[in-house]
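Please work through the following exercises with the sequence and the model at hand. Each task is followed by a worked solution.

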Amino acid sequence: MSGTYLGMPAFPEAARAAVRDRTLRGNLRHATHTIRAKRAKAVTEVSDWAELREAGRRIKDHTLRHLDRYLVRVEEAVTAAGGTVHWAADADEANRIVTALVEETGESEVVKVKSMATQEIGLNEALEAAGIRAYETDLAELIVQLGKDRPSHILVPAIHRNRGEIRDIFRAEMSEWGRPAPEGLTDTPAELAEAARLHLREKFLRAKVGVSGANFVVAETGTLVVVESEGNGRMCLTLPETLISVVGIEKIVPTWRDLEVFLQTLPRSSTAERMNPYTSMWTGTTDEDGPRTFHLVLLDNGRTDTLADEVGRQALRCIRCSACLNVCPVYERAGGHAYGSVYPGPIGAILSPQLRGTGSDIDASLPYASSLCGACYEVCPVAIDIPEVLVHLRERVVQGGPATRRGNKVLLKPAKGHAAERAAMRAAQWAFAHPGVLRTGQRLASRTRRFHPRTLPGPGRAWTGSRDLPAVPAEPFRDWWQRTRGGEDGTK
């Protein structure tokens with residue numbers, strides 16, 4: 001990835017500041033509780049939800065196992081349909097490709113559909129450096145852009161803002177980007193939506209270049225799919241003369257039949273709708289309708305490195321529904337900015353450290369941004385076992401070990417600050433390997449339990465600062481079993 005947000009501290013420090021912001025916590029609590037309650041109701045309407053979830057998992061796993069073959073098929077199908085395919089190994093290469101394509105048109109502005117991939121690579125900043133202005137057209141992304149802010153949620157990037165804050169942003173900033181906010185604008189949803197509609201309409205009608213991502217790419221025909229709820233995507237995908245789509249290589253599905261599964265699970269998991277209000281699909285170009293020129297930029301940017309990890313690769317199944325964010329107790333309290341990435345919440349805690357590596361303080365801390373409660377796994381429509389990957393990444397942070405970076409096998413060094421944890425794990429490993437030592441230690445702990453402190457000293461103070469230290473039982477389980485049951489079946 002292009003890097004963490006400039007100046008972002010490690011997750012614990014960023015989260016500490018966020019949890020003290022009562023307005024932020026109130027906004028997040030209201031929004032996440034509302035969305036997840038609606039999602040739960042929408043899912044119960046589908047009698048075969050478990051089967052759809054399993055089908056989605058299998059489709060994604062099959063595609064990832066044969067990704068080389070399906071990528072070639074996509075390139076062939078898109079090219080045959082009149083499009084041009086570009087390959088980008090990393091963020092810098094993707095930005096150079098897109099910037100050059102826009103410059104070839106002679107235009108100095110583009111309209112954008114909401115795209116996580118373009119945020120991941122920092123495309124807006126790259127275009128701005130080249131003198132090209134990118135206009136976000138998704139309502140929430142518009143709020144973030146006008147407010148000189150950062151997205152904090154996958155589905156609702158401005159979830160941390162309330163209506164009053166949005167009204168103030170529109171009043172103060174819209175005039176600098178185009179049509180100003182109407183006089184006397186209030187914070188009612190209808191008026192805010194109308195102000196955004198009027199502001200964006202002139203940009204839709206004027207723009208000659210559109211930039212998008214894609215939710216899915218159907219390999220058998222080279223068809224790209226964008227699902228959205230506002231109609232801005234339809235405008236960006238059909239009105240400009242040139243369309244440039246930046247898509248992660250993991251977004252491929254083999255066939256239209258496979259796509260049908262995700263068109264059922266994605267809307268219910270994200271917006272709690274039975275189907276998306278706008279589902280736009282396009283295959284190459286035609287002379288009669290839509291853009292005359294189409295470019296597809298296939299983005300790697302750490303994805304093949306992630307694919308090489310047998311445990312971590314399941315993160316690439318993600319369809320960006322954000323259901324895991326809406327049930328996560330950590331996200332609800334800390335918000336999305338604390339994750340230092342365009343991918344916040346539980347999925348961000350396992351995706352960002354794999355795409356970017358664990359070399360920075362924030363990426364090394366993200367696998368710990370979880371209580372491991374498992375709620376994220378329960379709601380994931382493609383059954384990503386996020387707790388399993390979190391534990392796997394924690395091991396990598398503490399122990400180091402083999403990994404893949406830029407296609408090369410490397411040996412990672414343990415992260416700093418975990419020496420005590422490594423020593424404790426080694427001691428535990430040695431004790432478990434020596435039953436006599438373990439038995440003696442258990443008995444000693446039981447006999448001295450009245451002298452045990454209620455809180456841990458040193459580095460352990462942070463752990464017991466928010467939870468009770470478990471009490472040691474009066475006798476070890478081994479001794480209890482031998483005393484009460486040892487003679488019944490001859491076991492000792």
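The exercises below treat helix packing, cysteines and annotated domains.

The model is predicted: local features need pLDDT of at least 70, side-chain atom pairs count only at pLDDT 80 or more, and totals for chains, interfaces and linings use all residues. Residues are numbered from 1 along each chain as its sequence is written, and side-chain values use heavy atoms, with hydrogens and water left out.

**Exercise 1.** Describe the packing of helix 8 and helix 9.

*Solution.*
Step 1. Helix 8 covers residues 139-146 and helix 9 residues 163-177 (helices are DSSP runs of H or I, at least four residues, numbered from the N terminus).
Step 2. Their axes come within 9 Å and cross at roughly 75°; axes are lines fitted to C-alpha atoms over the stretch in contact, with angles from 0 to 180 degrees between N-to-C directions.
Step 3. The two helices are therefore roughly perpendicular (65 to 115 degrees).
Step 4. Contact (heavy atoms within 4.5 Å) involves residues including Leu142 and Ile143 of helix 8 and Phe170 and Trp177 of helix 9.

**Exercise 2.** Why does cysteine 321 form no bond with cysteine 380?

*Solution.*
Step 1. A disulfide requires a pair of cysteine sulfur atoms within 2.5 Å.
Step 2. The sulfur of cysteine 321 has its closest cysteine sulfur, that of cysteine 380, 6.2 Å away, which is too far for a bond.
Step 3. The structure holds zero disulfides.
Step 4. Cysteine 321 is buried, with a relative accessible area of 7% (buried means under 20%, with a 1.4 Å probe and protein chains only).

**Exercise 3.** Characterise the span that UniProt lists as "domain: LUD".

*Solution.*
Step 1. The unreviewed UniProt entry places this domain at residues 73-298; such annotations may be inferred rather than shown by experiment.
Step 2. The span is 44% helix and 20% strand (strands being DSSP runs of E, at least two residues), and its end C-alpha atoms lie 13 Å apart.

Note on methods
Parallel < 35°, antiparallel > 145°, perpendicular 65-115°, else oblique. Buried < 20%, exposed > 50% of the residue type's maximum accessible area, 1.4 Å probe, protein only.
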